[in-house]
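User: Hello! I am new to this structure and would like to learn it piece by piece. Could you take some questions from me?

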Amino acid sequence: MRAQLLAPAGDADEATAELQMCGEMSGTLPPSITSEVHSIAGWAEDRLRYIQAWVHAHLGEREQLDGAVEHAHRVVAAEARRFRAQFGLLQAFGHVRAGDVSGGVRLAHVVYSRQPVEHRTTMVTSLAEQVLEAVPLQRSGEQIVTDYRELLAGSGRKAIT
């Protein structure tokens, strides 16, 4: 949690240190904790990868972000569509933060448009909106950004989770 709070505040050194400590601690947990993927009491690898993606996205560290997302796709079940979408949207957000506005918005558009409306939950839509919010003002009028803004405006939220 601390790493996730420090990264948006721009404290890269502290966020990275917290992230490293989180990874080390995760490696010491017993299988009874790390194998539990459906409980808030568990701490499976997908959660570590999500925190890594979050931190690297907010710090605009594209290479580390892409690595965390790639690793997450290997451990997150294909049926976990919402969770996989969250990773994709974090990746898109991070690309925009790193300066690749067109690539990030394009990725977000693909990820969000492929989500059935019933899977466009509050969390998924919130991450999709963060991609748009990360676009620098001087780039907000570009066609790719306008198209993405229209996709979000026409989308309905169906569930909280």
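Analyst: Here are some questions and answers about a pocket, aromatic rings, salt bridges and a histidine. This is a predicted model, where local features need pLDDT of at least 70, side-chain atom pairs count only at pLDDT 80 or more, and totals for chains, interfaces and linings use all residues. Residues are numbered from 1 along each chain as its sequence is written, and side-chain values use heavy atoms, with hydrogens and water left out.

User: How much space lies in the second largest pocket?
Analyst: On a 1 Å grid over the protein atoms alone, a pocket is an open set of points where a 1.4 Å probe fits, with protein on both sides within 12 Å along at least five of seven lines, while a cavity is a set from which the probe cannot get out. Grid points are joined across faces, edges and corners, and the volume is the space filled by probe spheres set on the points. For the second largest pocket this comes to about 250 Å³.

User: Which helix gives the largest share of the lining of the second largest pocket?
Analyst: Lining residues have an atom within 4 Å of a pocket point, and here they are Met1, Gln4, Trp43, Asp46, Arg47, Tyr50, Ile51, Trp54, Phe83 and Met123. Helices are DSSP runs (H or I, at least four residues), numbered from the N terminus. The largest share, five residues, comes from residues 45-59, helix α4.

User: How many nonpolar, polar and charged residues are in that lining?
Analyst: Ala, Val, Leu, Ile, Met, Phe, Trp, Tyr, Cys and Pro count as nonpolar, Asp, Glu, Lys and Arg as charged, and the others, Gly among them, as polar. Sorted this way, the lining of the second largest pocket has two charged, one polar and seven nonpolar residues.

User: Why is the pair of Tyr50 and Phe83 called what it is: stacked or edge-to-face?
Analyst: Rings of Phe, Tyr and Trp (its six-membered ring) pair if their centres lie within 6.5 Å; planes under 30 degrees apart are stacked, over 60 edge-to-face and the rest tilted. The count comes to three aromatic pairs. In one of them, the ring centres of Tyr50 and Phe83 are 5.7 Å apart with planes at 20°, so this pair is stacked.

User: Which parts does that pair tie together?
Analyst: Tyr50 is in helix α4 and Phe83 in helix α6 (residues 81-97), so the pair links parts 33 residues apart in sequence. Phe83 also touches Asp46 and Val76 besides Tyr50, leaving aside neighbours within four places in sequence (contact means heavy atoms within 4.5 Å). The parts tied together by the ring pair are thus helix α4 and helix α6.

User: Which residues form the aromatic cluster?
Analyst: Phe83 also pairs with Phe87, edge-to-face, at 5.0 Å centre to centre and 65° between the planes. Phe83 and Phe87 are four residues apart in helix α6, about one helical turn. One aromatic cluster is formed by Tyr50, Phe83 and Phe87.

User: Is Phe87 buried or exposed?
Analyst: Buried means under 20% relative accessible area, exposed over 50%, and partly exposed in between (1.4 Å probe, protein chains only). Tyr50, at 10%, is buried. Phe87 has a relative accessibility of 1%, so Phe87 is buried.

User: Which parts does the salt bridge of Glu18 and Arg2 tie together?
Analyst: A salt bridge is a side-chain nitrogen of Lys or Arg within 4 Å of a carboxyl oxygen of Asp or Glu, and the structure holds seven of them. In the bridge of Glu18 with Arg2, the closest N and O atoms are 2.9 Å apart. Glu18 lies in residues 12-26 and Arg2 in residues 2-6, so the pair joins helix α2 and helix α1.

User: How far apart are the closest N and O atoms of Asp100 and Arg62?
Analyst: Arg62 is partly exposed at 36% and also forms a salt bridge with Asp66, at 3.9 Å. Arg62 and Asp66 are four residues apart in helix α5 (residues 62-75), about one helical turn. For the salt bridge of Asp100 with Arg62, the distance between the closest N and O atoms is 3.1 Å.

User: Is His95 buried or exposed?
Analyst: His95 sits in helix α6. Not counting residues up to four places away in sequence, His95 touches Arg62, Leu65, Asp66, Asp100, Val101 and Gly104. With a relative accessibility of 8%, His95 counts as buried.

Conventions:
Helices (H or I, at least four residues) and strands (E, at least two) are DSSP runs, numbered from the N terminus.
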